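I opened this notebook to record what I looked up in one structure. The entries are kept short and follow the order of my queries.

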Amino acid sequence: MMIPTHQKGKNKAQDFDDLDPVITYRHILQNNLGIKDPLRVVALCDSDAFYAACEMVRLGVTDKPLVVLQWEGIIAERCPELMIVHVATYKEGDAEPGYWDNVDSRTHKVSLDYYRRESSKVFSMLKEGLPDAEIEKASIDEAFIDFTKPVRQVLLQRFPYLSQIPADAPNGVDTPLPPPPPIDWGTDSHLIPIYSNANSESTDEETSQSAPLTWHDIALRLAAEMMHKVRVDIAAQLGYTTSAGIARNKFLAKLCASYRKPYSQTILRNQAIPCYLKPLEFQKIRFLGGKLGQALAKEYDVSTVADLLPVPLEEFQAKFGESAIWVYEILRGIDRSEVKEKSPVNKSMLAAKALQKPITKIDDGPHWIRVLAAELSLRLNDARKERPNLWPKTLALHAGHGYGTARSKQAPFPFTKEVTVNVIAAAGGKLWKELVGNVTGTIRITYISLGFTGIEATDASQQSIASFLDSHAVTGVKRPNEEKNGNPSKSRHRNTQRVRSRPSSPSADQNTTSFTCLECHKTLSLSPKLLSTSDVLGRAYALAALKDEHSDFHFAESVAREMEPEVKEVRGPHKKVKTPMIQEKEIGPRGIEKFFNRT
């Protein structure tokens, strides 16, 4: 069905009707800088060829092309000087990943730990260089930056007259701002053309000079200055080049970040949005590819954004459901998603392996348990270097054949002073025995994962009780289950070594008889009868047991939330579905799902 070229009446689709909003003194002086702010500026900073760049920095390579390899071979006859570096891998028996001459996907597991660490360095420099901006880490090599607040601060510093409402302002605080001054766009950024006949960088400059200026253009330019400085600092200090897109929202910033890669940045002015979006193939837009894009292309027999603009909102919603308003808006460059800094603490960590050679014998499982345990040990210890009181509640094991056929086991992960491969592997091995120990006949496991869930900072009472119980090891008091497994003398020796520098008597807070759960905020107390019949040590044990009992429900919730298949609602056009393989799949809104189900 072809789209009619004209729509009549109230159903006529609006075409980019918000590119030049009126900006008043209220906007410039308000403290509530939300997604509707007409002076909002967002950037996406994207590291250029990040994995290869990391390896070039690690190896000190500056004058040769380099490619990062993962398992598959590469034939580079036309580039004889091409350096081929295989990513680091874990192998059984090593606590750290390494670079090996001979790697085999049947025995090794890829490690991205080095890239994660380097990514953290880049992210830290963004935060240090832009302390007043909101920064959201989008992936290992991308970060969204909301410049609205720092731009507003600089705007009022450079143009102080904007901070005072003129006495003759006809509408007071709602009076429009005076015209902006001329802009020197500089040479640090590329401008996307405003007109469709602009096909070169010189034309970009000409159109930027001739097009009417707005205060949002000023805001974009100020953000570009800040973005350029921090990008130069990252390149100088870390050796990584980055590219950036600067626009009014996340969608447009990401779209234009690759406009002139590598090591460049691009500004998309509001007036340039129609010229940039209209010729774009809509199936190349994130979330408009796949089934949704195919459905739109088939329904209307079109391919570009311009082709879909005449379709009224009512028609989209009638065909694809109420949530199709997102499609209508994204075609016009409207994105209402926030830039929100994520918690520095990952609630879960996962090490997973898709097996080229399936596990067919129960005795083959411990090999991969130890390989996965090495990765978890490294990642948790890295996290605890910055936040020593972090600890996971649960260790979970998943194994299965194909998608949707996973079996899992999980258990509370006990606190130990040092997180080693042996500690995690021992706990994972126990889960493996519970998972497959009763299986009869042949097994066939093509993927396996080991993960921590419920990672959070331990509270003071937990730490004090742990310290108190450890301190009594020197007195010969045996902790629950302390010598249940292994050599008793060695266990006592380890505990004695652990507490040599600790006081032998408990502090005041170790006499506590209640605790408040950090998750549900309930306060639980020991019973009066127990308080009257037990000593300090007995009360400490009882309180620890009460905490464990109360945590069982939260453990189960955490495991179900983090490790089992679920559907999580998020802002925007899609939902994220965590499969048993712990891979995220993106699908369209419910209304669009119904359309696919119907067809």
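The entries below go from the whole chain to a sheet, a core and some ring pairs.

**Basis.** I worked from a predicted model, in which local features need pLDDT of at least 70 and side-chain atom pairs count only at pLDDT 80 or more, while totals for chains, interfaces and linings use all residues. Residues are numbered from 1 along each chain as its sequence is written, and side-chain values use heavy atoms, with hydrogens and water left out.

**Whole chain.** I looked up the secondary structure and found 19 helices and 21 strands, taken as DSSP runs numbered from the N terminus (helices H or I, at least four residues; strands E, at least two). I noted that 45% of the 599 residues count as buried, that is, under 20% relative accessible area with a 1.4 Å probe, protein chains only.

**Sheet.** I traced an open sheet of 6 strands with mixed pairing, in the order β6-β7-β1-β9-β10-β8; two strands pair if DSSP finds at least two bridges between them. At the edges I found β6 (134–139) and β8 (190–191), each paired on one side only. Strands β9 and β10 (residues 265–267) run parallel and are joined by 3 bridges. I saw I246 opposite I267 in β10. Helix α6 packs on this sheet, where it touches β1, β7, β9 and β10, and its direction makes about 165° with that of β9. The axes are lines fitted to C-alpha atoms, for helices over the stretch in contact, and angles run from 0 to 180 degrees between N-to-C directions.

**Cores.** I then queried nonpolar cores, meaning buried Ala, Val, Leu, Ile, Met, Phe, Trp, Tyr and Cys residues joined through side-chain atoms within 4.5 Å. The largest has 48 residues, and W215 and I246 are among those that touch the most other members. Helix α6 gives the largest share of this core, 12 residues. I listed the contacts (heavy atoms within 4.5 Å) of W215, which include I23, L39, L155, F159 and P178. A second, separate core of 36 residues includes I192, L308, F316 and W326.

**Rings.** I retrieved 12 aromatic pairs, defined for Phe, Tyr and Trp (its six-membered ring) by centres within 6.5 Å, with planes under 30 degrees apart stacked, over 60 edge-to-face and the rest tilted. F159 and W215 pair edge-to-face, at 5.4 Å centre to centre and 80° between the planes. Because F159 lies in the loop between α4 and β8 and W215 in helix α6, the pair ties together parts 56 residues apart in sequence. F159 is buried at 15% relative accessible area, and W215 is buried at 5%. I also recorded a cluster of W391, F413, F415 and F452, linked by ring pairs.

How values were computed:
Buried means under 20% relative accessible area, exposed over 50%, partly exposed in between (1.4 Å probe, protein chains only). Lists of a residue's contacts leave out its neighbours within four places in sequence.
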